[in-house]
Amino acid sequence: MGALSKEYGYVVLTGFASMAMVTYLAVNVGKARKKYKVEYPQMYSDDPERGKIFNCIQRAHQNTLELYPAFLFCLGVGGLHCPRGVSGLGVVWIISRVVYAHGYSTGDPKKRMRGAFGNLAMIGMMLTTLYFGCHLVGWVRPLCFGRWCGCHSHAPIAPTA
């Protein structure tokens, strides 16, 4: 097994930034629990007057957690192939989740769509990871986007029989 490239450090730093973002969203939920008096283990508020805002704050965090395993998989595995590119897309996704949560926490669920640009970043990460898997089994030739990508897999793959 070869050593990780120096550029994989970007992947590690992006992973750390994502943990900070998830923690930030969790703290927001904790503060909202106190403000709107939603006790554990209740997930959502049933208060007809003020419960909607808490529920939106909680949903923003929960939705991010639902996507988080796929994000981490694509970051870690896709980052082996294209560390700079995947890290850049990862940072865009992280920023989009904060924008998403900020819009959602207004109590108007439609404002969460301000963070929808992160979906494009996630699709890019997914496609990079898929391409890397296809490259590893020999279905496609190596592809690199130069300095933007940061990959080191430029050796051609022999065609499979």
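1. The charged end of R33 is placed over the ring of Y40, 4.1 Å from the ring centre. A second arrangement of this kind involves R112, whose charged end sits over the ring of Y104 at 5.5 Å from its centre. Both descriptions refer to a predicted model, and the remarks below should be read accordingly.

2. On overall architecture, the protein chain contains four helices and zero strands. Read along the sequence, the pattern is α-α-α-α. Of the 161 residues in the protein chain, 40% are buried. Where contacts join residues at least 6 apart in sequence, 63% of them link residues at least 24 apart.

3. The aromatic residues deserve separate comment. A pair of aromatic rings is described by the distance of the centres and the angle of the planes. A search of the whole structure returns three aromatic pairs. In one of them, the rings of Y68 and F71 have centres 6.1 Å apart and planes at 10°, so this pair is stacked. The two residues are three positions apart in helix 2, which spans residues 51–81, and are therefore separated by about one helical turn. Y68 counts as buried because its relative accessibility is 13%, under the 20% limit. F71 also counts as buried, at 0% relative accessibility.

4. A further pair is formed by Y100 and Y104, whose ring centres lie 5.6 Å apart with planes at 80°, so the geometry is edge-to-face. These residues are four positions apart in helix 3 (residues 83–104), which means that about one helical turn separates them. Y100 is buried, with a relative accessible area of 10%, and Y104 is buried with a relative accessible area of 10%. Y104 is also the residue whose ring lies beneath the charged end of R112.

5. Which residues do ring pairs link into a cluster? The cluster consists of Y68, F71 and W93. W93 appears again in the surroundings of T64, which it touches.

6. T64 is located in helix 2 and counts as buried, at 1% relative accessibility. A polar atom of the T64 side chain lies 2.9 Å from the backbone oxygen of A60. Not counting residues up to four places away in sequence, T64 touches M21, V22, L25, W93 and R97.

7. Turning to charged pairs, side chains of opposite charge can pair when their charged atoms come close. The structure holds two salt bridges. In one, the side chains of R84 and E7 meet at 3.3 Å, N to O. R84 belongs to helix 3 and E7 to the segment before helix 1 (8–36), so this salt bridge ties together parts that are 77 residues apart in sequence. R84 counts as partly exposed, at 27% relative accessibility, whereas E7 is buried with a relative accessible area of 13%.

8. The other salt bridge joins the side chains of R59 and E66, at 3.1 Å from N to O. R59 counts as partly exposed at 24% relative accessibility, and E66 counts as partly exposed at 45%.

9. How many disulfides are counted? The count is zero. As for individual cysteines, C56 is buried, with a relative accessible area of 5%. C74 is likewise buried, with a relative accessible area of 6%.

10. S105 is found in the loop between helix 3 and helix 4 (117–136). Is S105 buried or partly exposed? At 27% relative accessibility, S105 counts as partly exposed. Leaving aside neighbours within four places in sequence, S105 is in contact with I53 and I57. The C-alpha atoms of S105 and H61 are 10.0 Å apart in space, while the two residues are 44 apart in sequence.

Methods: Residues are numbered from 1 along each chain as its sequence is written. This is a predicted model: local features need pLDDT of at least 70, side-chain atom pairs count only at pLDDT 80 or more; totals for chains, interfaces and linings use all residues. Side-chain values use heavy atoms; hydrogens and water are left out. Rings of Phe, Tyr and Trp (its six-membered ring) pair if their centres lie within 6.5 Å; planes under 30 degrees apart count as stacked, over 60 as edge-to-face and the rest as tilted. Buried means under 20% relative accessible area, exposed over 50%, partly exposed in between (1.4 Å probe, protein chains only). A charge sits over a ring if NZ of Lys or CZ of Arg is within 6 Å of the ring centre and within 35 degrees of the ring normal. A salt bridge is a side-chain nitrogen of Lys or Arg within 4 Å of a carboxyl oxygen of Asp or Glu. A disulfide is a pair of cysteine sulfur atoms within 2.5 Å. Contact means heavy atoms within 4.5 Å. A polar contact is a pair of N or O atoms within 3.5 Å; within protein, one must be able to donate a hydrogen and the other to accept it, and residues adjacent in sequence count only if both atoms are side-chain atoms.
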